[in-house]
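Please open the model in your viewer and keep the sequence panel beside it. The tour below moves from one selection to the next and says what can be found at each stop.

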Amino acid sequence: MRILLTGGGTGGHFFPIVAVIRALKKMAESEKFVEMELVYLSDSPYDLGILKEEGVEFISVPAGKIRRYFSLFNFTDLFKTAWGIIRAIIYVFGKMPDVIFAKGGYASFPALIAARLFKIPVIIHESDSAPGRVNRWAGSFAKRIAISFPESAKYFPSSKTALIGNPVRERILGGNIEEARSIFGYEDVPTVLVLGGSQGSAKLNDILIDILPEILKEAKIIHQCGKNNFDDVSKRISVVLGQNQFKNRYKLFAFLDENILRSAVLVSNLIVSRAGAGAIYEIAAWGKPSLLIPLHNSAQDHQRQNAYAYARAGGAALVVEEENLAPNLLLAEIRKLLSDKPRLERMARAASNFAKIDAAEILARQIILLALEHVR
């Protein structure tokens, strides 16, 4: 059985695919499939180490974006996409996968063109409440469509669409509180985990640095700033916190791997995050209250729509729009939430009620069923 997975561009696409890959392998082992070949086709591997660890072959196929604003890259990316389509067609013709799972995004377009040409069954997953253009198009010929938010159902045929949530990696769940405290230390003050998305957020980093001298008087901060921002943030922190008596309450990371992230969540009372679907479903799976700051220029305004869709579902999150974000506002909202324990408990319960932690298993089951139908 040969399964081709495609998508990419950001951790929001890649990590749910990793969750599905692990669910597929677990299912193959439990149901004694003789052979399952997994291939990831995208313009970038995002994290080649994880793919190698999971035994997934990476096939590089270029793909270009179509931006909604003027850019010379819109012209050059047309050629990149055309070359990617040719590469994908050649690969799919040579290997003939039994099923293609597409997570959406521009990187999945070449593989989906090849799937359409060779009538390979396709299952797509849409993470956001406002679907991207590639998934809207693929929804017309996909055999199965999985969605994360009920708000996106209206864009797809109801007969083949199911609300299942967003795949979440099992390895970031659970954990041991003693181990977590040994990593981050223990002090009788609340802890705030700040996540700027898989690539970090320069604006969130800037504002957090501004309020650090004040917030550290009453809370610990664990901060994922993004690999590209780490050097800059580290230098500025060394100046801002210099002789600050509470500087040991601040823990900076370029990126939190699965083990450290799991421990960071365990010791945290509140999560401040962007509002990608992956982030929201991870926060829900952790059952943690959150303060969400949607990226103001996200494609189709999907982060803003995700954030409000999540907040409406029982009040699991407080949403602060990026246009309104200022140091004094962020400081005030964090203080207000941390001082209101009944509200934090209500938000945590709402988050747990929203979570759908079996999305990866549901997708893996459907992918295997489609592949078996194709084989027969």
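Which polar atom lies 2.8 Å from the backbone oxygen of Ser 60? In this predicted model, the atom belongs to the side chain of Arg 87. Select Arg 87 in helix α3, which covers residues 72–95, and colour it by accessibility: with a relative accessible area of 33%, this arginine is partly exposed. Leaving aside its neighbours within four places in sequence, Arg 87 is in contact with Ser 60, Val 61 and Pro 62. If you also pick Ile 59, you will find it 28 residues from Arg 87 in sequence, while the two C-alpha atoms are 9.7 Å apart in space.

**The seven-stranded sheet**

Next, display the strands β3-β2-β1-β4-β5-β6-β7, which in that order form an open sheet with parallel pairing. The edges are taken by β3 (57–60) and β7 (161–163), each of which has a single partner strand, so one side of each is left without a neighbour in the sheet. Looking along the sheet, you can follow its twist, since neighbouring strands are turned by 20° against each other on average, direction ignored.

Now restrict the selection to β1 (residues 2–6) and β2 (residues 37–42), which pair in the parallel sense over five bridges; within this pair, Leu 4 stands opposite Val 39 of β2. Add helix α1 (residues 11–30), which packs on the sheet and touches β1, β2 and β4, its direction making about 165° with that of β1. Then add helix α14 (residues 359–375), which also packs on the sheet, where it touches β1, β4, β5 (122–126) and β6 (144–147) and makes about 160° with the direction of β5.

Is β5 enclosed or open to the outside? Five of the five residues of β5 are buried, so this strand is largely enclosed by the rest of the structure. Both of its faces are covered, with Val 122, Ile 124 and Glu 126 buried on one side and Ile 123 and His 125 buried on the other. On the β4 side, β4 and β5 pair in the parallel sense over three bridges, and Phe 101 stands opposite Ile 123 in β5.

**A buried serine after β4**

From β4 (99–102), step forward to Ser 108, which is found in the loop between that strand and α4 (109–118). Ser 108 counts as buried because its relative accessibility is 0%. A polar atom of the Ser 108 side chain lies 3.5 Å from the backbone oxygen of Gly 104. Leaving aside neighbours within four places in sequence, the residues in contact with Ser 108 are Thr 6, Gly 7, Ala 102 and Val 134.

**The six-stranded sheet**

Move on to the strands β10-β9-β8-β11-β12-β13, which in this order make an open sheet of six strands with parallel pairing. The edge strands here are β10 (250–253) and β13, each pairing on one side only, and the twist averages 15° from one strand to the next. Select strand β8 (residues 191–195) together with strand β11 (residues 270–273): they run parallel and are joined by four bridges, with Leu 193 opposite Ile 271 in β11. Helix α10 lies across β8, β11 and β12, running at about 175° to β11.

**Helix α11 and Glu 321**

Helix α11 (residues 302–312) has a set of buried residues, namely His 302, Gln 303, Asn 306, Ala 307, Ala 309, Tyr 310 and Ala 311. What covers them includes α10 (277–286), β12 (290–292), β13 (317–319) and α13 (341–354). Just after this helix, Gly 314 takes a positive phi of about 90°.

Continue to Glu 321, in the loop between β13 and α12 (327–338), which is buried with a relative accessible area of 17%. The side chains of Glu 321 and Tyr 308 are joined by a polar contact of 2.8 Å, and, leaving aside neighbours within four places in sequence, Glu 321 is in contact with Arg 304 and Tyr 308.

**Last stop: two crossing helices**

Finally, show helix α6 (residues 177–184) and helix α9 (residues 258–266), whose axes come within 9 Å and cross at roughly 100°; the two are therefore roughly perpendicular to each other. The contact is made by Ile 177, Ala 180, Ile 183 and Phe 184 on α6 and by Ile 260, Ser 263, Ala 264 and Leu 266 on α9. Of the residues in this contact, seven are nonpolar, one is polar and none is charged.

Conventions:
Residues numbered from 1 in each chain as written. Predicted model: local features only at pLDDT ≥ 70, side-chain atom pairs only at ≥ 80, totals over all residues. Heavy atoms only, no water. Axes fitted to C-alpha atoms, helices over the stretch in contact; angles between N-to-C directions. Parallel < 35°, antiparallel > 145°, perpendicular 65-115°, else oblique. Contact = heavy atoms within 4.5 Å. Nonpolar A, V, L, I, M, F, W, Y, C, P; charged D, E, K, R; others polar. Buried < 20%, exposed > 50% of the residue type's maximum accessible area, 1.4 Å probe, protein only. Polar contact = N/O pair within 3.5 Å; in protein donor to acceptor, adjacent residues only side chain to side chain. Pairing = 2+ DSSP bridges.
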